[in-house]
Amino acid sequence: MKKALSILLSVLILFSVFSSFTAFAVETSGKCGENATYELKDGVLTISGKGEMEDFSEDLSAGKRRSIWKNNTKITKVVVKSGITSVGGEAFVNCTNIASISLPKTIKKIKYYAFQGCSGLTKVTLPEKLEIIGKKAFEGTGLETIVIPKSVQQIGDTAFYRCKSLSKITLPDTVKDIGNAAFSQTAYFKDENNWEDDALYIGKTLIKVKKASHEVYKIKDRTLTVARKAFEASDKVLKKIEFPTSLKNLPLSVFGTFINPNVNEGKSYDVFIPKSITYIINDYIVDTGGINSVKVSSKNTHYDSRKSCNAIIETKTNTLIFGCEKSTIPNTVEKIAEYAFYSVNKEYLFIPKSVKKIEDKAFKDTFIGTIYYSGSTSDWKRVKVVYDKIGDKEIYDYKYSKSIENETIYTAVKYYHSTPIKVKKLTSGKKSFKVTFNKLGGAKGYQIQYSTDKKFKKYVHKVTLKGNKTFSRTVKGLSAKKKYYVRVRGYSVKNGKNIYANWSKSKSIKTK
């Protein structure tokens, strides 16, 4: 027995040594991108090749592997050779002994969580052609100063958050998009001398407002950019924000500060985009129920709200970037952008045939009763619909507030060759009326509802028409010289159950 245990123990020790050797071999060299390789020698990690580095993720369902170097304490220096264009997401998380990083001019992106938690990193020179600094890219590092190159267009949420020694920040006027809390809890952020009237600026960018003390807040002159969620702490105070004529870059979340009806006593507010705005960041508004209207200045050359659509459209690309409960989609719109209708509640939505592409999460957590499309089923199949194949819920039933089997907008359209149903004509007859309505492509039938009550709360009657070939009906046996209110809706059939479209607007008729 003792001999058997001795042999087993020897095998386990050999296996452990072999496993450690294998792991060590994997760590020292290999691939880290389609055309990128790495080598770790004497604490120096060198990355060579061309193109982007691989992105890593702890969430394996995203189709990525875990980082090769996460929590590695052997790495003291990272050298990225010319030709590599990005630093991969989550690449060096918690590599606490990294003290030096050498990045080439070819780097354009430092992606999400790239150097998060690298507490030994006290300085870095960012390359002059860098365009994007991702979410949490340098969060929790030991950086003391940072100079953002003029080439950078975007800095992600919490990119430098909790860099406790970061006391000096150089931010050029060219950065268009500053993420939420990008510089929060840094030494610069905590230094009261950097705040003016409870507002923190870096250069010409408004980073944060502690808490507005008045209902109207005026952003100071010469400001070019407002950071995402800059007014987050003022949601129960603000009623209006006044923009200077110098302002160019605007996140829509600034409006979310005061349009939330749950915060501001059910009041409604207008969203107005002035002529000076050249770049809008749709960091989405969680509750759009408080929006009364959306309008873009007619003098703005980059965005518009054509045909009084109560939406924001990028003029050059005909892309709808923001919509609300009261929005319509004009028949000149070609693309619906990411988060355009995020968390919007609509009884129905009409998508015109002009739409050629719908971005991922354009209808994320949207509550819609009925979706109409003006083209055919074959036209719809040609629309490029980008969606997360992992299965995020997007479209919800408007009436019952529950998911329609995880549907994306791609499968939620029920009626084709259609505009929202309406009563086209009402004709009075002797103790009767005749109602005529428009066809819904894809409908399996229609319901006609009539009542002497304008609100359809009592004395309600209905007539059901099966099939999709009859679009009028004469209703008889009514009271003479009586006023009736009439409305119509279509229905489709799914899993043996009728799925009803929204009711048309009612019209009234007086019988003879």
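This is a guided tour of a predicted model, arranged as a series of selections to make in the viewer.

**The whole chain**

Begin with the protein chain in full. Its secondary structure amounts to five helices and 39 strands. Of its 512 residues, 49% are buried. Among contacts with a separation of 6 or more, 45% link residues 24 or more positions apart. The chain exposes about 26000 Å², and carbon and sulfur atoms supply 50% of that area.

**The largest nonpolar core**

Next select Trp 69, Phe 92, Ile 110, Ile 133, Phe 138, Ile 155 and Phe 160. These residues touch the most other members of the largest nonpolar core, which has 55 residues. Then colour β2 (36–41), β3 (44–49), β4 (77–80), α2 (187–190) and β14 (199–202), the elements that give two or more residues to this core. The largest share, three residues, comes from β2. In soluble globular proteins, nonpolar side chains tend to be buried together.

Centre the view on Ile 155. Which residues is Ile 155 in contact with, leaving aside neighbours within four places in sequence? They are Ile 133, Ile 148, Phe 160, Leu 171, Val 175, Asp 177, Ile 178, Gly 179, Ala 182 and Phe 183. Apart from this core lies another, of 32 residues, and Val 209, Val 226, Val 237 and Val 254 are among them.

**Pairing around β3 and β4**

Return to β3 and β4, which run parallel and are joined by four bridges. In this pair, Thr 46 stands opposite Val 79 of β4. Extend the selection to strand β6 (residues 100–102), which pairs with β4 in the parallel sense over three bridges. Here the bridge partner of Val 78 is Ile 101 in β6.

**A parallel sheet of five strands**

Now display β5, β7, β8, β10 and β12. They form an open sheet in the order β5-β7-β8-β10-β12, with parallel pairing. Why is one side of β5 (86–87) and of β12 (177–178) left without a neighbour in the sheet? Both stand at the edges, each with a single partner strand, so one side of each has no neighbour there. Two bridges pair β5 with strand β7 (residues 109–110) in the parallel sense, and Val 87 stands opposite Ile 110 in β7.

**The second largest pocket**

Keep β7 in view and add β8 (132–133) and β10 (154–155). Each of these three strands supplies at least two residues of the lining of the second largest pocket. The lining comprises 22 residues, of which Lys 111, Tyr 112, Tyr 113, Gly 134 and Lys 135 lie nearest the centre of the pocket. The space within this pocket is about 680 Å³.

**Lys 248**

Move to the loop between β18 (240–242) and β19 (249–251), where Lys 248 is placed. Is Lys 248 buried, partly exposed or exposed? Lys 248 has 40% relative accessibility, so it counts as partly exposed. Not counting residues up to four places away in sequence, Lys 248 touches Leu 224, Ser 276, Ile 277, Thr 278 and Tyr 279. Select Lys 176 as well: its C-alpha atom is separated from that of Lys 248 by 8.3 Å, although the two residues are 72 residues apart along the chain.

**A mixed sheet of six strands**

Continue to the open sheet formed by six strands in the order β23-β24-β25-β26-β28-β30, where the pairing is mixed. At its edges are β23 (303–304) and β30 (384–385), each of which pairs on one side only. Within the sheet, strand β25 (residues 319–322) and strand β26 (residues 335–336) pair in the parallel sense over two bridges. Leu 320 stands opposite Ile 336 in β26.

**Strand β34 and its partners**

Finish at strand β34 (residues 445–451). Seven of its seven residues are buried, so this strand is largely enclosed by the rest of the structure. Both faces are covered, with Gly 445, Gln 447, Gln 449 and Ser 451 on one side and Tyr 446, Ile 448 and Tyr 450 on the other.

Add strand β35 (residues 460–466), which runs antiparallel to β34 and is joined to it by seven bridges. Lys 462 in β35 is the bridge partner of Gln 449. Then add strand β37 (residues 483–494), which also runs antiparallel to β34, with seven bridges between them. In this pairing, Ser 451 stands opposite Tyr 485 in β37.

Methods:
Residues are numbered from 1 along each chain as its sequence is written. This is a predicted model: local features need pLDDT of at least 70, side-chain atom pairs count only at pLDDT 80 or more; totals for chains, interfaces and linings use all residues. Side-chain values use heavy atoms; hydrogens and water are left out. A nonpolar core is a set of buried Ala, Val, Leu, Ile, Met, Phe, Trp, Tyr and Cys residues joined through side-chain atoms within 4.5 Å. Buried means under 20% relative accessible area, exposed over 50%, partly exposed in between (1.4 Å probe, protein chains only). Contact means heavy atoms within 4.5 Å. Accessible areas come from the Shrake-Rupley method with a 1.4 Å probe; for residues, only the protein chains shown count as cover. Two strands pair if DSSP finds at least two bridges between them. On a 1 Å grid over the protein atoms alone, a cavity is a set of points where a 1.4 Å probe fits but cannot get out, and a pocket is an open set with protein on both sides within 12 Å along at least five of seven lines; lining residues have an atom within 4 Å of a point. Grid points are joined across faces, edges and corners, and a volume is the space filled by probe spheres set on the points.
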